[in-house]
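This briefing introduces one protein model to a reader who is new to structural description. Please look over the sequence and the structure before reading the points that follow.

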Amino acid sequence: MPVGTKEDIPFGTWLRREMRERGYDIEGPRAGGKTRLANETGISLSIISRILSDNRVPEIKALRALGAALGYTLGEMMIHAGVAAPEEIASRVHVGPVRAGARVPAPQVQVPAEVGLEDLAEWEQYIWRAPVTVAERELAILMIRLSRGDIDTDALLDLSHAINEALAKKVGERRGPSRAG
């Protein structure tokens, strides 16, 4: 799939593939993936079934909920659903989450060599490839780890230091240049 374009497949087919890749079992005697996705998104099971069978184009609210569950932005979901063209959704270079074996090249963002991107969780890879500063990426990752309760003392100290630096910078900007004399 070229960067910034929608695959030429029906949305339901695309969604089934995405669900399988993320462990939502949708076939077989123990398939509970549709129910799980319905519960996670707040979309009714009947609507999920109609979307998967390509009998329904999802509404914006459903696209937003599906995107949140699968790691896509609303804009990306609109492109995959065929309700928007990539050029109408201009804020991103890459369509889709970062994952091993992805067929789409990652955006050209400077990731420090010491980061070891391939050893990180998928969500951390995604943040490292976001078009923000290195300091912003590090802070975002630390905040997510903190919210998940997955942070050690050293990382917590790093987070505290980063927050203090950001606050000092903001306070300095707010005060403006000093007026001597």
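In this predicted model, Glu18 is buried, with a relative accessible area of 1%. The side chain of Glu18 nevertheless takes part in salt bridges, one with Arg17 and one with Arg22. The points below begin with these charged residues and then turn to the overall fold, the nonpolar cores and the largest pocket.

**Salt bridges**

- The structure holds 4 salt bridges, and a network of such bridges links Arg17, Glu18, Glu21 and Arg22.
- Glu18 and Arg22 meet through their side chains at 2.5 Å, N to O.
- The salt bridge between Glu18 and Arg17 has an N to O distance of 3.7 Å, and both of these residues are buried.
- Arg17 also forms a salt bridge with Glu21, at 4.0 Å, N to O.
- Arg17 and Glu21 both belong to helix H1 (residues 11-21), where they are 4 residues apart, about one turn of the helix.
- In an α-helix, residues three or four places apart point the same way because there are 3.6 residues a turn.
- Which class of exposure do Glu21 and Arg22 fall into, buried, partly exposed or exposed? Glu21 counts as partly exposed because its relative accessible area is 42%, which lies between the limits of 20% and 50%. Arg22 is likewise partly exposed, with a relative accessible area of 21%.

**Overall fold**

- The protein contains 8 helices and 0 strands, and along the sequence it follows the pattern α-α-α-α-α-α-α-α.
- Of its 181 residues, 30% count as buried.
- Among contacts with a separation of 6 or more, 42% join residues that are 24 or more positions apart.
- The protein exposes about 11,500 Å², of which carbon and sulfur atoms supply 53%.

**Helix H4 and the nonpolar cores**

- In soluble globular proteins, nonpolar side chains tend to be buried together.
- The largest nonpolar core has 22 residues, and those with the most contacts inside it are Phe11, Leu15, Met19, Ile48, Leu66 and Met77.
- At least two residues of this core come from each of H1, H2, H3, H4 and H5, and H4 gives the most, with 5 residues.
- Leu66 touches Phe11, Leu15, Leu37, Thr41, Ile43, Ile48, Ile51 and Met77, when residues up to four places away in sequence are not counted.
- Apart from this core lies another, of 6 residues, among them Val115, Leu117, Ile127 and Trp128.
- Helix H4 (residues 60-70) has as its buried residues Ala62, Leu63, Ala65, Leu66, Gly67 and Leu70.
- Which helices do the buried residues of H4 pack against? They pack against H1, helix H2 (33-41), helix H3 (45-52) and helix H5 (74-81).
- Just after H4, Gly71 takes a positive phi of about 90 degrees.

**The largest pocket**

- Rolling a probe the size of a water molecule over the atoms shows where empty space is left.
- The largest pocket holds about 480 Å³ of space.
- Its lining is made up of 18 residues, of which Ala135, Glu136, Glu138, Leu139 and Ala162 lie nearest its centre.
- Helix H6 (122-128), helix H7 (134-147) and helix H8 (153-175) are the elements that give two or more residues to this lining.
- Which element gives the most to the lining of the largest pocket? H8 does, with 8 residues.

Conventions: Residues numbered from 1 in each chain as written. Predicted model: local features only at pLDDT ≥ 70, side-chain atom pairs only at ≥ 80, totals over all residues. Heavy atoms only, no water. Buried < 20%, exposed > 50% of the residue type's maximum accessible area, 1.4 Å probe, protein only. Contact = heavy atoms within 4.5 Å. Areas by Shrake-Rupley, 256 points an atom, 1.4 Å probe, with all protein chains shown as cover. Core = buried A, V, L, I, M, F, W, Y, C linked by side-chain atoms within 4.5 Å. 1 Å grid on protein atoms, 1.4 Å probe; cavity = no way out; pocket = protein on both sides within 12 Å on 5 of 7 lines; lining within 4 Å. Points joined across faces, edges and corners; volume = space filled by probe spheres on them.
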